[in-house]
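Okay, thanks everyone, let me get the structure up on the screen. I'll keep this short.

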Amino acid sequence: MTNSKHIAGLVGPTLIAMTISESKFIQPHLYDTQIAPVIYLSGTLLFVAGLAIVRAHNRWMGDWTVLVTLIGWFAIFGGLFRMFATGLYQQGAQNTTALLVLELVLLAIGIFLTFKAYVSIKS
């Protein structure tokens with residue numbers, strides 16, 4: 001559980017900061033002029049981060065810690081998608097409704113993981 005809390009303590013606030021800073025409400029033109037090398041680079045970084053999470057935390061238990069593992073796996077596949085299908089990613093980034101839904105889901109996950117990592121519940 002300690003390992004889960006450490007990783008959640010990094011991933012949760014990172015998801016919160018990224019989703020808020022990339023929001024269409026904060027930066028409305030962020031996705032207007034994406035270039036392939038930057039998408040590829042972000043995919044590589046996302047892949048490495050996901051791989052690090054999965055190598056340190058590949059647990060499939062029936063509690064909240066499985067969310068940490070799932071975030072790692074989604075980061076791996078999301079990074080690979082950005083690396084190998086850059087054009088498709090650019091087209092998908094133009095769908096503002098899908099981006100807003102994804103941002104809300106990631107923000108909720110970030111808040112949940114941050115809560116689990118930093119709030120201690122005494123029994």
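I'll go through one helix, then the core, then a patch on the surface.

Before anything else: this is a predicted model, so keep that in mind as we go.

Let's start with helix α2, residues 36-56. It has 21 residues, and from its first C-alpha to its last it reaches 30 Å, close to the 30 Å expected at 1.5 Å a residue.

Now, which residues of α2 are buried? That would be I39, G43, G50, I53 and V54. They cover an arc of only 90 degrees around the axis, so they sit on the same side of α2. Look at the other side of α2 and you'll find P37, L45 and R55, which are exposed.

Hang on to I53, because that one comes back: I53 is in the largest nonpolar core. That core has eleven residues. Besides I53, they are I7, A8, V11, L15, W64, V68, I71, I109, L113 and A117. And where do they come from? The elements giving two or more residues to this core are α1 (2-21), α3 (65-84) and α5. The largest share, four residues, comes from α1. As general background, nonpolar side chains in soluble globular proteins tend to be buried together.

Okay, last stop, the surface. There's a nonpolar patch here made of I20, F25, I26, L100 and L104. Together they have about 530 Å² of accessible area. Take L104 as one of them: it's in helix α5, residues 96-118. L104 has a relative accessible area of 53%, and the cut-off for exposed is over 50%, so L104 counts as exposed.

That's my tour, over to you.

Note on methods: Residues are numbered from 1 along each chain as its sequence is written. This is a predicted model: local features need pLDDT of at least 70, side-chain atom pairs count only at pLDDT 80 or more; totals for chains, interfaces and linings use all residues. Side-chain values use heavy atoms; hydrogens and water are left out. The expected span of a helix is 1.5 Å times one less than its number of residues. Buried means under 20% relative accessible area, exposed over 50%, partly exposed in between (1.4 Å probe, protein chains only). The arc is that of the directions from the helix axis to the C-beta atoms. Patches are made of residues with over 30% relative accessible area and no salt bridge: like charges are joined within 9 Å, nonpolar side chains (Val, Leu, Ile, Met, Phe, Trp, Tyr) within 5 Å. Accessible areas come from the Shrake-Rupley method with a 1.4 Å probe; for residues, only the protein chains shown count as cover. A salt bridge is a side-chain nitrogen of Lys or Arg within 4 Å of a carboxyl oxygen of Asp or Glu. A nonpolar core is a set of buried Ala, Val, Leu, Ile, Met, Phe, Trp, Tyr and Cys residues joined through side-chain atoms within 4.5 Å.
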